[in-house]
Structures are given as C-alpha cells and as structure tokens.
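User: I have a model open and would like to learn how to read its features one by one. Could you walk me through it?

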Amino acid sequence: MSQFFNSLGRNFGRNPNRNRDKKPPPLPSSGSDGQGQQAAPSAGWTPSTPATGRQTMRPLMLCQPFVKASLLKGSFKTIVVLPKYVDEGEWIALNVFEFFDYLNRFYGVVLEFCTIKNCPSMSAGPGLDYSWLDANRQPTRLPAPTYIEYVMTWIKNRLNDESVFPTKAAPTTTASLATPSAHSATNSGTSTPVGGVQPGNWIGKDGGFPPAFFQTCKAICKQMFRVFAHIYHTHFDKIVHLSLEAHWNSFFAHFIHFVREFELLEKRDMEPLKELIDAFDAQIAANSSTSKAA
C-alpha cells in the first residue's frame with residue numbers, strides 16, 4: 001500500500017489552511033444522529049431493480065464489478081494476527097498509526113469534492129448523519145469536511161500525546177511465553193474479554209502504554225470508520241473515476257479484519273457498511289472454497 005501512495009502522482013496532503021482559524025470542539029460524539037429529513041441519494045448510488053420490479057437506489061460500492069475490486073484475493077487474517085513475541089499494545093499502536101496515515105492520504109484524494117456545499121452533513125447513507133459533541137458536550141451536526149477535519153485533528157493529537165502513545169521504549173517492550181498478551185490469554189479460554197482490565201494488568205502494559213490505551217484506540221477506530229463510511233456512501237464514484245477502487249477496498253478490508261481481530265469496533269458501529277463487509281466476507285469464503293476444491 002505504501003508503494004502505491006509513493007508512486008501515485010498526486011498531492012495527498014490535506015489543505016493546511018483549511019479551518020485554520022476554527023477551534024474544533026473537544027470530543028467526537030459517541031453516538032449517531034439519524035433523525036430529521038432523510039438524506040437524498042448521493043453520486044455514489046446507482047438505480048437497481050429488485051424482484052418486485054420496483055426501481056431502488058443501490059450503493060455503487062455494492063455493484064459489480066466494484067464490490068469485487070481488490071488487490072488481494074484471500075483473507076487478511078495472516079497479516080493482522082498478533083506476531084509471536086510482540087506486545088499487543090505495540091502491535092495495535094503501530095497499525096492504528098498506519099491506518100490513520102493512509103486514511104488521511106486517501107481523504108486527500110476526495111478532499112476537493114467533499115465541500116460544505118456538496119456534503120452539508122456527515123452522512124453515512126440515507127437517514128444517517130453523525131454528530132459531534134460541542135464544548136458543552138451537546139451533539140451538533142457539522143458539514144462533512146468540518147467533521148472530518150475535526151476528526152483528523154483529534155486523532156492526530158491523540159497519536160502525538162506521549163501519555164497515550166509513548167515513543168520511549170519501556171523496560172520490557174515485547175511479550176514472552178511466560179507473559180502472554182491479554183489478547184492471547186483471551187483466545188486461550190480465559191474469561192477476561194479483549195480490552196478488559198485485570199487488577200494491575202491491561203493491554204499494552206508491557207509496552208509502556210497507559211491503562212486507557214485500549215479504549216483510546218477503540219475511540220480512534222470508531223472515528224476512522226465514520227470517515228470510511230462517508231467516503232464510501234458519498235464519494236465512492238470519485239474513487240472509481242480515479243481507478244482506485246481496488247486499493248480503497250483492500251485498505252478498508254485490511255482495517256476491518258484488524259479491528260475485528262482485536263475487537264476495536266462494536267458491531268453496531270459497523271452497521272453503515274454491513275452489506276459491504278458481508279460481501280467481502282462472502283468473497284473470501286468463496287475464494288477459500290475454490291482453492292480447496294482445486
């Protein structure tokens with residue numbers, strides 16, 4: 001993926017002057033606001049005719065051949081699983097940082113199309129608009145470019161916070177057979193869920209990460225997913241126009257495999273792209289069956 005960004009002759013940087021004078025609200029909203037008028041289908045939707053004969057609008061991302069566009073024919077399982085002897089906190093931190101970097105670059109591709117006029121709300125499909133918590137912790141609707149600018153700034157500030165993502169190596173930075181990671185312990189049958197905190201222990205402790213590290217990563221992934229959802233539902237036609245659908249789909253599939261592997265997203269948070277995720281899973285299952293048959 002990094003080679004793709006390095007070779008593509010485009011400026012992926014986001015406009016540094018955009019919203020420079022605006023002070024972002026302190027926190028993203030933990031929920032979503034689907035009330036109000038139902039949003040009109042965007043350019044990322046195309047007509048389809050179900051068995052009833054009634055024409056409906058189907059997201060372009062779910063249409064052939066775009067839904068099958070991918071750089072990898074198979075599962076991302078092998079590249080998201082926790083490497084042996086690597087601290088789980090370090091592995092999560094590394095991937096969260098890289099996902100944010102790539103998402104920021106991809107957003108730069110559609111930045112010129114994501115304007116206040118074109119995207120007056122942070123929509124993730126008809127009837128679903130994400131909201132942001134203002135300074136008084138009240139949900140407020142924002143135009144998508146403003147919301148995403150706040151999200152990117154909020155995430156960047158967290159990643160640069162030494163108290164959450166320390167850059168100085170801890171005395172012990174890798175897991176050992178004698179001290180398995182919390183995630184490995186969960187998979188071995190213990191009752192503590194991923195992200196659960198035992199007395200004096202937490203995910204990332206061996207890597208020098210604070211007790212709130214895992215919850216912070218979950219909040220970051222939740223906001224990144226919302227950016228994915230907005231781009232898929234609103235700007236996927238631009239991705240297709242630039243012939244980037246295989247790269248975009250592969251990036252999102254990698255992200256989804258990772259957050260599910262480490263339980264960084266709740267199922268309800270993935271609902272806006274559930275059909276697409278199910279389609280990706282079905283393709284992996286089909287490819288696996290074909291390989292076994294061969």
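**Reading salt bridges, rings, strands and a helix**

Analyst: Happy to! Let's begin inside one helix: D278 and K274 both belong to helix 8, where they are four residues apart, about one turn of the helix. Keep in mind throughout that this is a predicted model.

User: Why does a spacing of three or four places matter in an α-helix?

Analyst: The general idea is that an α-helix has 3.6 residues a turn, so residues three or four places apart point the same way. In this case, D278 and K274 form a salt bridge, with 2.8 Å between the closest N and O atoms. As for the surroundings, D278 is partly exposed at a relative accessible area of 36%, and K274 is also partly exposed, at 39%.

User: How many salt bridges are there in the whole structure?

Analyst: A search of the whole structure gives eight. One of them joins the side chains of E261 and K77, at 2.6 Å from N to O. E261 is in helix 7 and K77 in helix 2 (residues 77-80), so this pair ties together parts that are 184 residues apart in sequence.

User: Is E261 buried or exposed? And what does K77 count as?

Analyst: E261 has a relative accessible area of 15%, which is under the 20% cut-off, so E261 is buried. K77 has 43% relative accessibility and counts as partly exposed.

User: Which side chain meets D269 in a salt bridge?

Analyst: That is K222, at 3.9 Å from N to O. The cut-off for a salt bridge is 4 Å, so the pair counts. D269 sits in the loop between helix 7 and helix 8 (274-293), while K222 sits in helix 6, so the contact ties together parts that are 47 residues apart in sequence. Both D269 and K222 are buried.

User: Let's move to the rings. How is a pair of aromatic rings described?

Analyst: Two values do the job: the distance of the centres and the angle of the planes. This structure holds 21 aromatic pairs. Among them is the edge-to-face pair of F99 and F255, with 5.4 Å centre to centre and 85 degrees between the planes. F99 is in helix 3 (residues 88-110) and F255 in helix 7 (residues 245-261), so to read the pair in sequence terms, picture a link between distant parts of the chain, 156 residues apart. F99 and F255 are buried.

User: What kind of aromatic pair do F228 and F255 form?

Analyst: A tilted one: the centres are 4.9 Å apart and the planes make an angle of 35 degrees. F228 lies in helix 6 (residues 213-241) and F255 in helix 7, so this pair ties together parts 27 residues apart in sequence. F228 is buried, as is F255.

User: Which charged end sits over the ring of F113?

Analyst: The charged end of K238, 5.2 Å from the ring centre. Another case is K205, which lies over the face of W202 at 5.3 Å from the ring centre.

User: Now the strands. How many residues of strand 5 are buried?

Analyst: Five of its five residues, with strand 5 spanning residues 129-133. To read a strand, check which way each residue points. From strand 5, D129, S131 and L133 point one way and Y130 and W132 the other way, and all are buried.

User: In what sense do strand 4 and strand 5 pair?

Analyst: Antiparallel, over two bridges, with strand 4 covering residues 122-123. S123 stands opposite D129 in strand 5. The two strands form a hairpin with five residues between them, and G125 in the turn has a positive phi of about 115 degrees.

User: How many bridges join strand 5 to strand 6?

Analyst: Three, and those strands run antiparallel, strand 6 being residues 139-141. W132 stands opposite T140 in strand 6. This hairpin has five residues between the strands, and R137 takes a positive phi near 60 degrees.

User: Back to helix 3: what should its 23 residues span?

Analyst: At 1.5 Å a residue, the expected span is 33 Å; the end C-alpha atoms are 33 Å apart, which agrees. Helix 3 is mostly covered, with 17 of its 23 residues buried. At its start, a side-chain oxygen of D87 comes to within 3.0 Å of the backbone nitrogen of G89.

Definitions and conventions. Residues numbered from 1 in each chain as written. Predicted model: local features only at pLDDT ≥ 70, side-chain atom pairs only at ≥ 80, totals over all residues. Heavy atoms only, no water. Phe/Tyr/Trp six-rings, centres within 6.5 Å; stacked < 30°, edge-to-face > 60°. Buried < 20%, exposed > 50% of the residue type's maximum accessible area, 1.4 Å probe, protein only. Lys NZ or Arg CZ within 6 Å of the ring centre and 35° of its normal. Pairing = 2+ DSSP bridges. Expected span 1.5 Å × (residues − 1). Polar contact = N/O pair within 3.5 Å; in protein donor to acceptor, adjacent residues only side chain to side chain.
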